[in-house]
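Let's sit down with a model and talk through how to read it, one feature at a time.

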Amino acid sequence: MPETVTLTINGQRLNVPTGSTVAAAVLLSGTTTFRRSVTGEARAPLCGMGICYECRLTVNGQQHARSCQIVCAEGMEVRTDA
């Protein structure tokens, strides 16, 4: 098993340790705003276990994916909605 996987976050390639969640990868990329609320407030992971839904992103074209619950895979495409 490789030690890292490569994914793309907002058009930038990033290598992360195998087993990392998408939320961790996004934070490692330096991105701190995952999405915006309906009133325009910056949102980011809060609970880290999929209950709060604040970590929602677009992953491989699937909108509103809970990034704290998804393990990174080789070639994955991630887009923040912020």
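What follows is a short back-and-forth on the sheet, the core and the salt bridges.

Q: Before we start, what kind of model is this, and how are its residues numbered?
A: This is a predicted model, where local features need pLDDT of at least 70 and side-chain atom pairs count only at pLDDT 80 or more, while totals for chains, interfaces and linings use all residues. Residues are numbered from 1 along each chain as its sequence is written, and side-chain values use heavy atoms, with hydrogens and water left out.

Q: In what order do the strands of the sheet run?
A: Strands of a sheet pair through backbone hydrogen bonds, either parallel or antiparallel. Here strands are DSSP runs (E, at least two residues; helices are H or I, at least four), numbered from the N terminus, and two of them pair if DSSP finds at least two bridges between them. Five strands make an open sheet, β2-β1-β7-β5-β6, with mixed pairing. β2 (12-17) and β6 (62-66) are the edges; each has a single partner strand, so one side of each has no neighbour in the sheet.

Q: How do β1 and β7 run relative to each other, parallel or antiparallel?
A: Parallel: two bridges join β1 (residues 4-9) to β7 (residues 77-79). Look for Ile 9, which sits opposite Val 78 in β7.

Q: Which residues touch the most other members of the largest nonpolar core?
A: In soluble globular proteins, nonpolar side chains tend to be buried together. A nonpolar core here is a set of buried Ala, Val, Leu, Ile, Met, Phe, Trp, Tyr and Cys residues joined through side-chain atoms within 4.5 Å; buried means under 20% relative accessible area, exposed over 50%, partly exposed in between (1.4 Å probe, protein chains only). Of the 18 residues in the largest one, Leu 7, Val 22 and Val 78 touch the most other members. Its largest share, four residues, comes from α1.

Q: How many salt bridges are there?
A: Count a side-chain nitrogen of Lys or Arg within 4 Å of a carboxyl oxygen of Asp or Glu, and you get three. Glu 54 pairs with Arg 35 at 3.0 Å, N to O. Glu 54 lies in the loop between β4 (42-43) and β5, and Arg 35 in β3 (residues 35-36), so the pair ties together parts 19 residues apart in sequence. Arg 43 also bridges to Glu 54, with the closest N and O atoms 2.7 Å apart.

Q: And is Glu 54 buried or exposed?
A: Buried, with a relative accessible area of 13%. Arg 43, at 27%, counts as partly exposed.
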